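Trainee: I would like to take a close look at a single part of this structure. Could you walk me through it slowly, as I am new to this?

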Amino acid sequence: MGFRTVAALSAAVMAAGVVGASAQSTGEIFTQTEQALREKLKSHFAGQPARFGFENFRRRTNGKDEAVCGQATIYIGRDKPSLVRFVYRYNAGDAAIETLGADETRTVQALWNPLCLRGRVVE
């Protein structure tokens with residue numbers, strides 16, 4: 001193989017690694033997001049009659065992070081449902097949901113404007 005062929009192949013391999021998360025379909029990412037959020041909420045509300053609904057999924061990037069942003073409705077027993085925001089950074093595998101804890105609320109508030117509102121849409 002010539003030098004140009006090797007250089008082209010190595011550039012293609014590097015590009016494939018960078019685009020790895022983008023190669024997943026948006027539907028797959030949304031399914032992964034819902035599963036991660038359900039697991040987190042179930043562990044937080046273990047032993048309580050809780051139901052969860054998710055809506056307004058948006059896949060966004062700010063150039064550094066890629067995430068799914070949206071809202072979750074949390075129903076605990078007969079209490080009035082709570083509508084909260086969430087940010088799931090699927091490349092890092094971490095989810096933050098408002099009101100589950102002070103750290104999570106701070107994370108959502110810190111990421112919401114630069115990533116979810118001003119971030120570029122990922123298709």
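What follows is a walk along one strand of the sheet and its surroundings.

Trainee: Please show me strand 2, residues 66-76. Which strand does it pair with through 10 bridges, and what does strand 2 give to the largest nonpolar core?

Mentor: Happy to! Keep in mind that this is a predicted model. Let's begin with the sheet around your strand. It is an open sheet of five strands, ordered 4-3-2-1-5, with antiparallel pairing. Strand 4 (94-97) and strand 5 (120-121) are the edge strands; each has a single partner, so one side of each has no neighbour in the sheet. In the order 4-3-2-1-5, strand 2 sits between strand 3 and strand 1.

Now for the partner you asked about. Strand 2 is joined by 10 bridges to strand 1 (residues 50-61), and the two run antiparallel. To see this pairing on screen, find R59 and look across to V68 in strand 2, which stands opposite.

Next, look at the helices. Helix 3 (residues 26-44) lies across strands 1, 2, 3 and 4, at about 140° to strand 1. Helix 4 (residues 102-117) also lies across strand 1, strand 2, strand 3 and strand 4, running at about 70° to strand 3.

Strand 2 has a covalent link to one of these helices. The structure holds one disulfide, formed by C69 and C116 with their sulfur atoms 2.0 Å apart. Because C69 belongs to strand 2 and C116 to helix 4, the pair ties together parts 47 residues apart in sequence. The link is left-handed, with -75° about the S-S bond. Both cysteines, C69 and C116, are buried.

That brings us to the cores. The largest nonpolar core has 18 residues, and those with the most contacts inside it include F54, I74 and F86. Helix 3 and strands 1, 2, 3 and 4 each supply at least two of its residues. Strand 2 gives the most, with four residues. Apart from this core lies another, of nine residues, among them C69, A96, V108 and C116.

One more residue is worth a look. Leaving aside neighbours within four places in sequence, F54 is in contact with residues including Q71, A72 and F86.

Finally, visit T61 in strand 1. T61 counts as buried because its relative accessibility is 6%. Among the residues that T61 touches are E66 and L115, and a polar atom of the T61 side chain lies 2.9 Å from the backbone oxygen of D65.

Terms used. Residues numbered from 1 in each chain as written. Predicted model: local features only at pLDDT ≥ 70, side-chain atom pairs only at ≥ 80, totals over all residues. Heavy atoms only, no water. Pairing = 2+ DSSP bridges. Contact = heavy atoms within 4.5 Å. Axes fitted to C-alpha atoms, helices over the stretch in contact; angles between N-to-C directions. Disulfide = S-S within 2.5 Å. Buried < 20%, exposed > 50% of the residue type's maximum accessible area, 1.4 Å probe, protein only. Polar contact = N/O pair within 3.5 Å; in protein donor to acceptor, adjacent residues only side chain to side chain. Core = buried A, V, L, I, M, F, W, Y, C linked by side-chain atoms within 4.5 Å.
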